[in-house]
Every structure is written in C-alpha cells, then in structure tokens.
Amino acid sequence: MRKTLLLFVLMLLALPNKLWAQENDYRIHAVFLYNFTKYVQWPSAGQSGDFVIGVVGNSSIYDELVKITNGKMAGTQKIVVTKFKSADAITNCQMLFVSSQVNFENVQSKLAGKPVLLITEKPGLAQKGSNINFVIKENKWRFELNENSTRQAGLKVSAELSKLAISV
C-alpha cells in the first residue's frame, strides 16, 4: 500500500498540469478515482456485491475508468463502471463522478443521505457539498476534500488521503 500511496503522491504533486490539462483528457482523474477506492471506507452495506463507480453526464472519464479498472478490485469487490445520463437515472453506486455539464444540485439531492463518494470537477463545488473536487493549484492538478460532507455521507477518509487534499 505504501508503494501505491507513493505513486499516487508523485502523480498528484510532481506532474505539471500541461501534460494532461486538455478538457477531454481524464486519464489522470481516472487514476485518482481508482486510488480513492483504497483510501476511503464505506459502511458495511456498501462492501458487498460489485463496487460501482458511476459517471453522470457525458465525460471522457468514463472510457478511461473502464480501461484503468478492467479486472481490478476495490478490496474484495469487483469494480464496475456505469454511465448515467442524468441525475434521475442514478442508481446504486459507491462512487460518482459528476461531469461539469451536469446540475450538481440535482445530483446532490438525489444522493442525500446515501454513502456515495461524490466527486466533481467544477470550482466551488467542494464548498457546496461535493466530497472531492478536482482543482488546479500552482499549475498542478490537486483535489479538495470536504470532510464534513464526506462524514455526513457515512464515509471514512484515511489520514493519508486527507494529508494530500486541500481541506475545505
């Protein structure tokens, strides 16, 4: 786990934004999402069956997630990536990436009280209740962590992940 964390930290802090800042290049974001599965604990009800990573809206991250998670596990659960066209279409998942074109408030109300790690990519959404929000700081991709909203969702974030995040 230390090697994975080290690789994760190096990717987060060392690579300049220019390598992958193009709007449709979600490869690095997908790696982050996969790694989040190792540093977040879900309630016991979410630890059986498949581990579902959802993507709501039209985003290239879906294809990247499918490639990166192919044959991978989140603990003892097989990772399955599912695409949802809208907030209304969202069904059970443990993690949900909300593309910037989707109305965040609709997704947030749909997931209220559910143990879903809600991940966004639009400035200001961590302050509005997203659990993790991707931002560019000092010309590098970073992520904000809203620990309060994460706790309210019934999720536990490891100290290692908290240290890497920008706390909101």
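Start at the hairpin: select β7 and β8, which have two residues between them. In this predicted model, E138 sits in the turn with a positive phi of about 50°. Strand β7 covers residues 132–137 and β8 covers residues 140–145; they pair in the antiparallel sense over six bridges. Show side chains here and you will find N133 opposite E144, and F134 opposite F143.

Next, add β6, residues 117–120. This strand pairs with β7 in the parallel sense over two bridges, and I119 has I132 as its bridge partner in β7.

Now bring in the whole sheet. Eight strands form an open, mixed sheet in the order β3-β4-β2-β5-β6-β7-β8-β10. At the edges, look for β3 (73–74) and β10 (166–167), each pairing on one side only.

Two helices are worth colouring next. Helix α2 packs on the sheet, with β2, β5 and β7 among the strands it touches; its direction makes about 135° with that of β7. Helix α4, residues 104–111, also packs on the sheet and touches β2, β5 and β6. The direction of α4 makes about 175° with that of β6.

Finally, go inside. The largest nonpolar core has 34 residues, and L33, F36, M95, L117, I119 and F134 touch the most other members. Helix α2 (residues 27–39) supplies the largest share of this core, eight residues. Which residues does L33 touch, leaving out those up to four places away in sequence? Select I53, I61, L65, M95, F97, I119 and F134 to see them. For a last stop, pick A87, C93, L96 and L125, which belong to a second, separate core of 15 residues.

Terms used. Residues are numbered from 1 along each chain as its sequence is written. This is a predicted model: local features need pLDDT of at least 70, side-chain atom pairs count only at pLDDT 80 or more; totals for chains, interfaces and linings use all residues. Side-chain values use heavy atoms; hydrogens and water are left out. A nonpolar core is a set of buried Ala, Val, Leu, Ile, Met, Phe, Trp, Tyr and Cys residues joined through side-chain atoms within 4.5 Å. Buried means under 20% relative accessible area, exposed over 50%, partly exposed in between (1.4 Å probe, protein chains only). Helices (H or I, at least four residues) and strands (E, at least two) are DSSP runs, numbered from the N terminus. Contact means heavy atoms within 4.5 Å. Two strands pair if DSSP finds at least two bridges between them. Axes are lines fitted to C-alpha atoms, for helices over the stretch in contact, and angles run from 0 to 180 degrees between N-to-C directions.
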